[in-house]
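Subject: Handover of a structure and summary of findings

Dear colleague,

Please find below the structure that I am handing over to you. My account of what was found in it follows directly after.

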Amino acid sequence: MPVPRRVGTERPETRRHILDAVERLMVDAGHAAVTYRAVASQADVTPSLVQYYFPTLDDLLVSTVRRRSEQSLQRLAEVLDARPDQPLRALWEFSTDETNAALTIEFSALGNHRASVRAEIVDHTTRLR
């Protein structure tokens with residue numbers, strides 16, 4: 001299958017801006033609110049630009065889960081490194097981030113409906129352990 005031709009270049013800051021918009025939508029309105037139009041509105045871009053970066057909704061959702069998972073793993077490592085003598089306190093501090101907790105719940109619910117997201121969650125959980 002030929003790769004679709006893209007015009008222009010992808011910019012990391014635009015991609016990051018779109019993924020930030022997805023996270024805000026999920027925290028504010030839940031995973032069911034994530035559509036190309038809603039993300040575009042939240043990110044102040046056009047729906048076609050969102051689709052340019054993420055050709056399918058699964059691509060958008062998996063990229064969001066993957067990015068947040070990487071950030072969480074990095075943050076957990078930093079917290080544990082900062083308190084090597086108090087690992088339970090470090091885990092407590094890590095787990096009290098309300099935004100991260102809300103997104104984790106939304107990602108879990110989303111994983112019940114989308115196999116691609118579920119697979120990404122399984123991968124993240126395996127690496128976390």
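I begin with a single residue: Tyr53 is buried, because its relative accessibility is 6%, under the 20% that sets the limit for buried residues. Please bear in mind throughout that this is a predicted model.

Tyr53 also takes part in an aromatic pair. The count of such pairs comes to one. Its members are Tyr52 and Tyr53, in an edge-to-face arrangement with 5.4 Å from centre to centre and 80° between the planes.

Overall architecture

The secondary structure of the chain consists of seven helices and zero strands. Read along the sequence, the pattern is therefore α-α-α-α-α-α-α. The C-alpha trace spans about 55 × 30 × 25 Å along its principal axes. The chain has 129 residues, of which 33% are buried. Among the contacts with a separation of 6 or more, 59% are between residues 24 or more positions apart.

The nonpolar core

Which residues have the most contacts inside the largest nonpolar core? They are Ile18, Met26, Val34, Val39, Val50 and Leu60, and the core has 23 residues. Helices α1, α2, α3, α4 and α6 each supply at least two residues of this core. The most comes from α1, which gives six residues.

Val39 shows how such contacts are made up. Apart from neighbours within four places in sequence, Val39 is in contact with Ile18, Ala21, Val22, Leu25, Val34, Val50 and Leu60. One of these partners, Val22, lies in helix α1, which covers residues 12–29. Val22 counts as buried because its relative accessibility is 0%. Beyond its neighbours within four places in sequence, Val22 is in contact with Val34, Val39, Leu60 and Thr64. By C-alpha positions, Val22 is 31 Å from Leu88 in space, and the two are 66 residues apart in sequence.

Helix α4

Two residues of helix α4 may be set side by side. Ser63 lies in this helix, which comprises residues 57–82, and Arg66 is found in α4 as well. Are Ser63 and Arg66 buried or partly exposed? Ser63 is buried, because its relative accessible area is 12%. Arg66, by contrast, counts as partly exposed, because its relative accessibility is 41%.

Setting aside neighbours within four places in sequence, Ser63 is in contact with Arg15, Leu19 and Phe54. For Arg66, the C-alpha distance to Thr35 is 18 Å, with their positions 31 residues apart in sequence.

Two loop residues

Asp44 is located in the loop between α2 (36–43) and α3 (47–53). Although Asp44 is not a glycine, it has a positive phi of about 60°. Asp44 counts as exposed because its relative accessibility is 71%, and the limit for exposed residues is over 50%.

Pro55 occupies the loop between α3 and α4. With a relative accessible area of 37%, Pro55 is partly exposed. In sequence, Pro55 and Arg118 are 63 residues apart; in space, their C-alpha atoms are 19 Å apart.

The largest pocket

The volume of the largest pocket is about 360 Å³. It is lined by 16 residues, and those closest to its centre are Ser72, Asn100, Thr104, His124 and Leu128. Two or more lining residues come from each of α4, α5 (87–95), α6 (98–111) and α7 (115–128). What does α6 give to this lining? Helix α6 gives the most, with five residues. By type, the lining divides into six nonpolar, eight polar and two charged residues.

Points to keep in view

Helices α4 and α6 are each named in two of the accounts above: both supply at least two residues of the largest nonpolar core, and both give two or more residues to the lining of the largest pocket. The greatest share of the core comes from α1, whereas α6 gives the most to the pocket lining.

With kind regards,
A colleague

How values were computed: Residues are numbered from 1 along each chain as its sequence is written. This is a predicted model: local features need pLDDT of at least 70, side-chain atom pairs count only at pLDDT 80 or more; totals for chains, interfaces and linings use all residues. Side-chain values use heavy atoms; hydrogens and water are left out. Helices (H or I, at least four residues) and strands (E, at least two) are DSSP runs, numbered from the N terminus. Buried means under 20% relative accessible area, exposed over 50%, partly exposed in between (1.4 Å probe, protein chains only). Contact means heavy atoms within 4.5 Å. Rings of Phe, Tyr and Trp (its six-membered ring) pair if their centres lie within 6.5 Å; planes under 30 degrees apart count as stacked, over 60 as edge-to-face and the rest as tilted. On a 1 Å grid over the protein atoms alone, a cavity is a set of points where a 1.4 Å probe fits but cannot get out, and a pocket is an open set with protein on both sides within 12 Å along at least five of seven lines; lining residues have an atom within 4 Å of a point. Grid points are joined across faces, edges and corners, and a volume is the space filled by probe spheres set on the points. Ala, Val, Leu, Ile, Met, Phe, Trp, Tyr, Cys and Pro count as nonpolar, Asp, Glu, Lys and Arg as charged, and the others, Gly among them, as polar. A nonpolar core is a set of buried Ala, Val, Leu, Ile, Met, Phe, Trp, Tyr and Cys residues joined through side-chain atoms within 4.5 Å.
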